[in-house]
Amino acid sequence: VSKAHRIQHAALDKFADRAYAAAIAAAANAIGAKAVVFSQTYDGKAISPRLAVRLDASHLSGLIGLPTVSGGSLVARRTTNSGKGIETVQSNRDKSVITVKSNAYGTKDRGANAVAVEALAFDPGASVGAVTLERVKASASISITEADTVVSGGRGFKDPSNWSHLETLAEILGAGKACSKPVADMHWRPHHEHVGQTGIQIAPNLYIAIGISGAIQHLAGVNSSKNIVVINSDPEAPFFKIADFGIVGDLFQVLPRFTEAVKKYKS
Ligand SMILES: Cc1cc2nc3c(=O)[nH]c(=O)nc-3n(C[C@H](O)[C@H](O)[C@H](O)COP(=O)(O)OP(=O)(O)OC[C@H]3O[C@@H](n4cnc5c(N)ncnc54)[C@H](O)[C@@H]3O)c2cc1C
C-alpha cells in the first residue's frame with residue numbers, strides 16, 4: 001500500500017452494504033483500479049458482489065492466496081466441496097473484485113509515514129439501502145473466526161467437567177475455544193464452538209487440537225490454519241497427517257505440562 005483514500009460522508013457512518021459499495025465503486029473509478037481486494041469477512045462478503053455488479057467486474061470469492069496475472073486475467077485458487085478440494089478460477093473481465101480468506105498471505109509493515117492519505121469526494125445519491133443500526137457481541141468470549149489462536153477439544157476429553165484444562169490454556173494464550181461436532185452434539189460445549197464441515201470454518205495462525213481424531217469432516221473447517229498442533233494418545237490418529245507439530249500422549253498428562261510451559265514462557 002502506497003496510498004490510502006479516505007471517503008467521509010454521513011451515509012457511511014453506519015454499515016450499509018449498498019452505500020459502502022457505491023463509495024468504493026466511486027473510489028475505484030476515480031483512481032482507475034483494476035482490482036479491489038476484500039477480506040472474506042461478513043462485511044467483505046456483503047459489499048463485494050454489489051461492487052462487482054457496479055464495476056462490471058469479475059467476482060472471485062474465498063481465495064486462499066493472492067491471484068497471479070495470466071494473459072490479462074487474474075488466476076487464483078480457492079477451496080471447494082467444504083474444503084475437501086481446491087479449484088482454480090479465472091477472471092473474465094478487465095476489472096476484478098476479490099475476497100481473500102484470512103492467513104492467505106503475509107503482511108508487511110511499511111511504517112505509518114510511508115502511506116499518503118488522500119481525501120476522495122463521494123455523493124451517495126438518493127438511496128443508501130438498508131443500514132445496520134447496532135452491532136452487539138453475542139458473548140464476551142473471543143470469536144473463533146477472528147482469534148489468532150484457537151484451542152479445540154474433542155471426545156478425548158471424556159467428560160465436559162474436564163474442559164477446565166482446555167479453558168486454562170485458552171485463557172493464558174488469549175485464544176478462542178472450539179470443539180468437534182460430537183462434543184457439541186452431546187451438549188458438552190455450545191454449538192457456536194463446533195468447527196468443521198457442518199460447523200464454523202476457521203483459519204487462525206495457530207490451531208491446537210486436543211483429543212480430536214481428525215476426521216475429514218472436522219479437517220474441512222480447520223485445515224487452512226497456518227500452524228496446527230495436535231495432542232492425541234493414538235499415534236495413528238489421522239490428524240497427525242496434517243499437523244505441523246504433534247504430541248503423542250494422554251492429554252490429561254500432556255495438557256497440564258504444556259500449559260505450565262506456556263505460562264512460564266509468557267512470564
Ligand atoms: C455429514 C457429516 C458431517 C460432519 N461434520 C463434522 C464437523 O463439522 N465437525 C466435526 O468435528 N465432525 C463432524 N462430523 C463427525 C466426524 O466424522 C467425526 O465423527 C468427529 O469429528 C469425531 O470427533 P472427535 O475427534 O472429537 O471424536 P473421536 O473420533 O471419538 O476421537 C477422539 C480422539 O481423542 C483421542 N483420545 C482419546 N483419549 C485421549 C486422551 N486421554 N488423550 C489424548 N487423546 C485422546 C482418541 O485417540 C481419538 O483420536 C461429521 C460427520 C458427518 C457424517
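**Why these labels? The ligand shell and the salt bridges**

Colleague: Which helices each supply at least two residues of the shell around the ligand?

Modeller: Those are α4 (181–185), α5 (216–219) and α6 (251–266). Helices here are DSSP runs of H or I with at least four residues, strands are runs of E with at least two, and both are numbered from the N terminus. Bear in mind that this is a predicted model, where local features need pLDDT of at least 70 and side-chain atom pairs count only at pLDDT 80 or more, while totals for chains, interfaces and linings use all residues. Residues are numbered from 1 along each chain as its sequence is written, and side-chain values use heavy atoms, leaving out hydrogens and water.

Colleague: What makes a residue count as near the ligand?

Modeller: One of its heavy atoms has to lie within 4 Å of the molecule (the rule for a strand reads likewise). There are 26 residues around the ligand, and Lys-158, Ser-180, Ser-213, Gln-217 and Asn-232 come nearest. The shell splits into 15 polar, six nonpolar and five charged residues. For that split, Ala, Val, Leu, Ile, Met, Phe, Trp, Tyr, Cys and Pro are nonpolar, Asp, Glu, Lys and Arg are charged, and the others, Gly among them, are polar.

Colleague: Why is the pair between Ser-180 and the ligand called a polar contact?

Modeller: A polar side-chain atom of Ser-180 sits 2.6 Å from a ligand oxygen. The rule asks for a pair of N or O atoms within 3.5 Å (within protein, one must be able to donate a hydrogen and the other to accept it, and residues adjacent in sequence count only if both atoms are side-chain atoms), so 2.6 Å passes. Ser-213 joins in through a backbone N or O atom, 2.7 Å from an oxygen atom of the ligand. Taken alone, the ligand exposes 980 Å², and the protein buries 75% of that; such areas come from the Shrake-Rupley method with a 1.4 Å probe, and for residues only the protein chains shown count as cover.

Colleague: How do you know that Lys-3 and Glu-118 form a salt bridge?

Modeller: The N-to-O distance between their side chains is 3.3 Å. A salt bridge needs a side-chain nitrogen of Lys or Arg within 4 Å of a carboxyl oxygen of Asp or Glu, so this pair qualifies. Lys-3 is in strand β1 (residues 3–6) and Glu-118 in strand β8 (residues 116–119), 115 residues apart. By this rule the count comes to 10 salt bridges.

Colleague: Why is Lys-3 called partly exposed?

Modeller: Its relative accessible area is 41%. Buried means under 20%, exposed over 50%, and partly exposed in between (1.4 Å probe, protein chains only), so Lys-3 falls in the middle class. Glu-118 gets that label too, at 36%.

Colleague: What about Arg-189 and Glu-193: buried or exposed?

Modeller: Both are buried, and their side chains meet in a salt bridge at 2.9 Å, N to O. Salt bridges with shared partners join Glu-167, Lys-177, Arg-189 and Glu-193 into one network.

Colleague: Why is Ser-152 called buried?

Modeller: Ser-152 has a relative accessible area of 0%, so it meets the buried rule. The residue is found in strand β9 (residues 149–153). Its side chain makes a polar contact of 2.7 Å with the side chain of Tyr-207, and reaches the backbone oxygen of Ala-178 at 3.4 Å.
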